[in-house]
Amino acid sequence: MAAQLTLQRLHKLIWLLIYGGLLTLILGIATARTDEALGWSLIVGGGVLAVVGVVLIPVRARLHTDPGP
């Protein structure tokens, strides 16, 4: 069981990871044209962040809220 506030924070973290990761990935693709090493670093980092966010979606779905008082 998890508190409602904890679930809301996890929900925000999930979407922050997904959108931030995808934005970083796209920035890495654009940067790779001029600096290949930096571009690939951003691509890999952004991809990892996005995957972590997607993996957390089922984790969030399995958590249930505490029953109210």
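A helix here is a DSSP run of H or I at least four residues long, numbered from the N terminus. With that in hand, welcome to this predicted model. Two helices will be your main landmarks: α1 covers residues 4–31, and α2 covers residues 36–62. The buried residues of α2 pack against α1, and the cover over the buried residues of α1 includes α2.

**Helix α1**

- The 28 residues of α1 should span 40 Å at 1.5 Å a residue, and because its end C-alpha atoms are 40 Å apart, the helix agrees with that expectation.
- Buried residues in α1 are L7, L10, I14, L17, I18, G21, G28 and T31.
- An α-helix has 3.6 residues a turn, so residues three or four places apart point the same way.
- L5 belongs to α1 and counts as partly exposed because its relative accessibility is 47%.
- From L5 to T65 there are 60 residues in sequence, yet their C-alpha atoms are 9.4 Å apart in space.
- I26 is also part of α1, and its relative accessible area of 54% is over the 50% cut-off, so I26 is exposed.
- Between the C-alpha atoms of I26 and S41 the separation is 12 Å, with these positions 15 residues apart along the chain counted as their distance apart.

**Helix α2**

- This helix has 27 residues, and its first and last C-alpha atoms are 40 Å apart, close to the 39 Å expected at 1.5 Å a residue.
- On the buried list for α2 are G39, I43, G46, G47, A50, G53 and L56.

**The largest nonpolar core**

- Five residues make up the largest nonpolar core: L10, I14, L17, I18 and L56.
- Helix α1 gives the most to this core, with four residues.
- L56 is among the buried residues of α2.
- Setting aside neighbours within four places in sequence, L10 is in contact with L56, R60 and L63.

**A closer look at I18**

- You will find I18 in helix α1, where it is buried because its relative accessible area is 10%, under the 20% cut-off.
- Beyond its neighbours within four places in sequence, I18 is in contact with A50, G53, V54 and I57.
- Two of these partners, A50 and G53, appear among the buried residues of α2.
- I18 and G28 are 10 residues apart along the chain, and their C-alpha atoms are separated by 15 Å.

**A closer look at T31**

- T31 sits in helix α1, and residue 31 is where that helix's range ends.
- With a relative accessibility of 16%, T31 counts as buried.
- Not counting residues up to four places away in sequence, T31 touches L38, G39 and L42.
- One of those partners, G39, is a buried residue of α2.

**The nonpolar surface patch**

- W15, Y19, V54 and I57 make a nonpolar surface patch of about 410 Å².
- Both helices take part, as α1 and α2 each supply at least two residues of the patch.
- I57 lies in helix α2 and counts as partly exposed because its relative accessibility is 36%.
- Two patch members, V54 and I57, are also contacts of the buried residue I18.

How values were computed: Residues are numbered from 1 along each chain as its sequence is written. This is a predicted model: local features need pLDDT of at least 70, side-chain atom pairs count only at pLDDT 80 or more; totals for chains, interfaces and linings use all residues. Side-chain values use heavy atoms; hydrogens and water are left out. A nonpolar core is a set of buried Ala, Val, Leu, Ile, Met, Phe, Trp, Tyr and Cys residues joined through side-chain atoms within 4.5 Å. Buried means under 20% relative accessible area, exposed over 50%, partly exposed in between (1.4 Å probe, protein chains only). Contact means heavy atoms within 4.5 Å. The expected span of a helix is 1.5 Å times one less than its number of residues. Patches are made of residues with over 30% relative accessible area and no salt bridge: like charges are joined within 9 Å, nonpolar side chains (Val, Leu, Ile, Met, Phe, Trp, Tyr) within 5 Å. Accessible areas come from the Shrake-Rupley method with a 1.4 Å probe; for residues, only the protein chains shown count as cover. A salt bridge is a side-chain nitrogen of Lys or Arg within 4 Å of a carboxyl oxygen of Asp or Glu.
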